[in-house]
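Q: Please take a close look at one part of this protein, the nonpolar core and the residues around it, and set it in the context of the whole chain.

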Amino acid sequence: MSDWIDIASLDAIPKRGARVIKTSRGCVAVFRTASDAVFALDNACPHRNGPLAEGIVHGNAVTCPLHNWVISLETGAVQGADEGQVATYPAKVDGGRIYVDAGFLARRAVA
């Protein structure tokens with residue numbers, strides 16, 4: 001059974017926006033799409049560690065603000081001709097609150 005951490009209100013993140021959330025188990029970028037889906041990923045692009053939370057959210061992807069790499073919010077895979085992967089974490093919305101799976105956060109690689 002999953003142990004979920006209450007991150008924030010859904011309204012705390014604008015549509016097509018993101019926030020970096022500091023938790024007791026590490027930092028993650030939490031994204032909200034135009035359709036109110038939420039995704040949680042590491043905040044570093046695999047290319048040059050660009051801050052993904054500062055990127056442009058479009059559909060279910062984010063474009064890195066440094067070199068325009070497009071990252072899938074669903075899988076963390078780099079889309080297009082470039083290669084790479086960003087760690088993703090289960091996230092959900094329940095009762096207007098955003099939750100991230102604590103078990104996945106606990107297993108994340110610490111820099």
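A: In this predicted model, the protein exposes about 6,000 Å², of which carbon and sulfur atoms supply 48%. Of its 111 residues, 41% count as buried. The secondary structure comes to one helix and 11 strands, and along the sequence the strands precede the helix in the pattern β-β-β-β-β-β-β-β-β-β-β-α. The radius of gyration is 13 Å, close to the 13 Å that the globule rule gives for 111 residues, so the protein is as compact as a globular protein of that length. Its C-alpha trace spans about 35 × 30 × 20 Å along the principal axes. Among contacts between residues at least 6 apart in sequence, 43% join residues at least 24 apart.

The largest nonpolar core has 16 residues. Those with the most contacts inside this core are Phe-31, Leu-41, Cys-45, Leu-52, Val-62, Ile-71 and Leu-73. Two elements, β3 (26-32) and β4 (38-41), give two or more residues to the core. A second, separate core of 15 residues includes Val-30, Ala-40, Tyr-89 and Ile-98. In soluble globular proteins, nonpolar side chains tend to be buried together.

Leu-73 illustrates how the largest core is connected. Leaving aside neighbours within four places in sequence, Leu-73 is in contact with Phe-31, Leu-41 and Val-62, among others; these three are also listed with Leu-73 among the residues with the most contacts inside the core. Further contacts of Leu-73 include Thr-33, Phe-39, Val-57, Asn-60, Ala-61 and Thr-88.

Gly-76 lies in the loop between β7 (70-72) and β8 (78-79). Is this loop residue buried or exposed? Gly-76 has a relative accessible area of 0%, and therefore counts as buried. Beyond its neighbours within four places in sequence, Gly-76 is in contact with Leu-41, Ile-71, Gly-84, Gln-85, Val-86 and Thr-88. Of these, Leu-41 and Ile-71 are listed for the largest core, while Thr-88 is also a contact of Leu-73. Gly-76 and Val-86 are 10 residues apart in sequence, and their C-alpha atoms are 4.5 Å apart in space.

Thr-63 belongs to strand β6 (residues 61-63). With a relative accessible area of 13%, Thr-63 is buried. The side chain of Thr-63 makes a polar contact with the side chain of His-58, at 2.6 Å. Leaving aside neighbours within four places in sequence, Thr-63 is in contact with Gly-55, Ile-56, His-58, Asn-68, Trp-69 and Val-70.

Terms used
Residues are numbered from 1 along each chain as its sequence is written. This is a predicted model: local features need pLDDT of at least 70, side-chain atom pairs count only at pLDDT 80 or more; totals for chains, interfaces and linings use all residues. Side-chain values use heavy atoms; hydrogens and water are left out. Helices (H or I, at least four residues) and strands (E, at least two) are DSSP runs, numbered from the N terminus. Buried means under 20% relative accessible area, exposed over 50%, partly exposed in between (1.4 Å probe, protein chains only). A polar contact is a pair of N or O atoms within 3.5 Å; within protein, one must be able to donate a hydrogen and the other to accept it, and residues adjacent in sequence count only if both atoms are side-chain atoms. Contact means heavy atoms within 4.5 Å. A nonpolar core is a set of buried Ala, Val, Leu, Ile, Met, Phe, Trp, Tyr and Cys residues joined through side-chain atoms within 4.5 Å. The radius of gyration is taken over C-alpha atoms; the globule rule is 2.2 Å times the number of residues to the power 0.38. Accessible areas come from the Shrake-Rupley method with a 1.4 Å probe; for residues, only the protein chains shown count as cover.
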